[in-house]
Amino acid sequence: MAKDVKPTRKNLMAIEDRIELSERGHDTLEKKRDGLIMEFMDILDQAQDVRSDLNENYDEAQRKINMARAMEGDVAVRGAAAALQEHPELTTESKNIMGVVVPQIESSKVRKSLDERGYGVLGTSARIDEAAEAYEELLETIILAAEVETAMKKMLDEIETTKRRVNALEFKLLPELKSNQEYIEQKLEEQEREEIFRMKKIKAKKEEEEKAEREAAEQEAEEAETVTADD
Amino acid sequence: MSTERTAGGSNYEYVIARVRSRRAALFDDDDYRKLIRMGPGEIARFMEESEYESEMNALGARHSGVDLIEYALNRNVAKHFDDLLQWADGQLYGYVARYLRKFDVWNVKTIIRGLYAGTDASDVETDLIRAGEFDDAFLDQLLNAGSIEELVELLEPTRFGDPLAEAYAVYEDEGVLVPLENALDRAFYEDLLTGLSGEQSRAMELYVEFLSAEVDFRNLRNAFRLARSGADLDPSEYYIEGGKLFTEDEIRQLARNRDQLVEFVRSSKYGEDLEAGLDSLEAADSLIEFERALDAALLEYSGRLSNRYPLSICPVLAYVLAKEREVDNIRAIARGREGGLSTDEIENELVIL
């Protein structure tokens, strides 16, 4: 608060330095925010596509498994699923988008060929193959969606943080600093005016004293002259 | 354990008389028309008032919804097919049993998958369809096996023993069930036509024709699946002996190129029956329509078996297929309804004799 600041020239210089730094930081953060928003818009488009693929693939996988359960029976479908123990493997790495660390998910063993799905080929049907295939595709889309949506969430968090920082600088810190600067400047000006006034007063007093001294001296001289003349 | 009763004379008259009465009790078109417009609850109630009453009542406390319907269908089909094996004697028993052994394969595969996935024996037990040649005591013994190795040892005296033992070595190396499951299915299909060439009659010719069509269609189905998968697999490894459509070399060549395979089937004796299925396969790159066409064609061949040769295996096999089809259709309607499939979609999936 302005009242808490000591109105000294040193503080004024420090505040001016802080204002300059804050303004530079504000510009940089604004640029970062705009850049993040642009990156976010790209990721948003990608996320919307992935989300729509996800819904589509989910519906298709459900339809295919319902069809397989209807025609082959639930027991046969469950049995075929039980014949596989190997799980897909996921590895996560990270990449940097404008200072935001987002995950990059690599998957393996999601898509399987006919002989890798665990169940025998000779006694099963294409309905089970197509249901398995649809679920493999769905799983791949889920992994992609996880990657894109996590990146999107992290970008959003970063945009929010940057926006808060920009707003804090723009609407809180900079106005406060400027108000402090103004307060100190006013106080310093006031002090200067007081100083000048005091100096003027001192000068006037000094002149008055000199004048009185001078008058007294003149009077003394006059009196001395009168005494001499009388003698 | 397998109890072959092929010695002695066949009792066709007795078995066929009983099969006729069972066949008359199967659901007809009107029943399907009603079922297709019902929800799963209504289907369950309809079944409670039909042939499936005792199974629905017996399983009602353990299962509910469409699961109850499916388990009741499985138990009912097991009861009916077990009856057939109980009634049949002599060569007729052998003819029926060789087709019903597919349920033995189903049960062994179910137990193997249960052991592989660490499922409770009680849960695996509910998924068995006790319609094959293995009796209850032997199936219970298999269910209590502690490991796949123990199961393979228990099956050693059966017809699946040798192929399974051979496949078990591959399973131990690779750790996947594919070799075991393929060995079981291959043993079943290759056994279907073994030793049938001796008897010469029109009925037997039709029976053999039907069984070879079944093997051909299985080869065809698998060849298309391999061609579609694009995986680098040797098609001859998935070839089943006994069919008339392909040789092993032909399938090795054709399964690498779907278009050539389609042309080959079009110009074969099955070309006309499978034309619609092949067209949709070319248009949609989905095998489902084509598999439906194969099922329909197989049923058409089975239709030729019924009633023409009354004192032969034909009416019995026709009944087996009709019963299986009924169970498949009811399950498809109930599961289709549960999964939110439209009436048209379900109707499209049904294959009605």
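Biologist: At what N to O distance do the side chains of A:Asp129 and B:Arg225 meet in a salt bridge?
Modeller: In this predicted model, a salt bridge requires a side-chain nitrogen of Lys or Arg within 4 Å of a carboxyl oxygen of Asp or Glu. The pair formed by A:Asp129 and B:Arg225 meets that condition, with an N to O distance of 2.4 Å.

Biologist: How many salt bridges and how many residue pairs in polar contact are there between chain B and chain A?
Modeller: The salt bridge of A:Asp129 with B:Arg225 joins these two chains, between which the count of salt bridges is six. For polar contacts, with both residues at pLDDT 80 or more, the number of residue pairs is 22.

Biologist: Which helix gives the largest share of the side of chain B that touches chain A?
Modeller: Several helices of chain B each supply at least two residues of that side, including α5 (65-87), α6 (90-117) and α17 (313-338). The largest share, seven residues, comes from α12(B).

Biologist: How many nonpolar, polar and charged residues does the side of chain B that touches chain A have?
Modeller: On this side, 43 residues of chain B are in contact with 34 residues of chain A. By class, the chain B side has 16 nonpolar residues, seven polar residues and, for the charged class, 20.

Biologist: What is the area buried between chain B and chain A, and which residues in chain B lose the most area to chain A?
Modeller: The two chains bury about 3,400 Å² between them, and carbon and sulfur atoms give 54% of that area. Among the residues of chain B, three lose the most area to chain A, together 18% of what that side buries, and they are B:Arg113, B:Tyr116 and B:Arg225.

Biologist: Is B:Asn222 buried or exposed?
Modeller: B:Asn222 has its place in helix α12 (residues 202-229) of chain B, a helix in which 23 of the 28 residues are buried. A residue counts as buried under 20% relative accessible area. Because the value for B:Asn222 is 1%, this residue is buried.

Biologist: Which residues is B:Asn222 in contact with, leaving aside its neighbours within four places in sequence?
Modeller: Within its own helix, the side chain of B:Asn222 makes a polar contact with the side chain of B:Arg225 at 3.1 Å, and B:Arg225 is also the partner of A:Asp129 in a salt bridge. Leaving aside neighbours within four places in sequence, B:Asn222 is in contact with B:Tyr238 of chain B and, in chain A, with A:Val121 and A:Leu122.

Biologist: How far apart are the end C-alpha atoms of α12(B)?
Modeller: The helix is followed by B:Gly230, whose phi is positive, near 70 degrees. At 1.5 Å a residue, the 28 residues of α12(B) should span 40 Å, and this agrees with the separation of its end C-alpha atoms, 40 Å.

Biologist: What is the phi of A:Met98 near, and what is that of A:Lys109 near?
Modeller: Most residues other than glycine have a negative phi. A:Met98, in the loop between β1 (89-97) and β2 (100-108) of chain A, has a positive value, near 50 degrees. A:Lys109, found in the loop between β2 and α3 (126-230) of chain A, also has a positive phi, near 60 degrees.

Biologist: What does A:Met98 count as at 38% relative accessibility?
Modeller: The class between buried and exposed runs from 20% to 50% relative accessible area. Because its relative accessibility is 38%, A:Met98 counts as partly exposed.

Conventions:
Residues are numbered from 1 along each chain as its sequence is written. Chains are lettered from A and ligands numbered from 1 in the order in which they are written. Side-chain values use heavy atoms; hydrogens and water are left out. Helices (H or I, at least four residues) and strands (E, at least two) are DSSP runs, numbered from the N terminus. Buried means under 20% relative accessible area, exposed over 50%, partly exposed in between (1.4 Å probe, protein chains only). A polar contact is a pair of N or O atoms within 3.5 Å; within protein, one must be able to donate a hydrogen and the other to accept it, and residues adjacent in sequence count only if both atoms are side-chain atoms. Contact means heavy atoms within 4.5 Å. The expected span of a helix is 1.5 Å times one less than its number of residues. Buried area is the accessible area (1.4 Å probe) that two parts lose on being put together, summed over both. Ala, Val, Leu, Ile, Met, Phe, Trp, Tyr, Cys and Pro count as nonpolar, Asp, Glu, Lys and Arg as charged, and the others, Gly among them, as polar.
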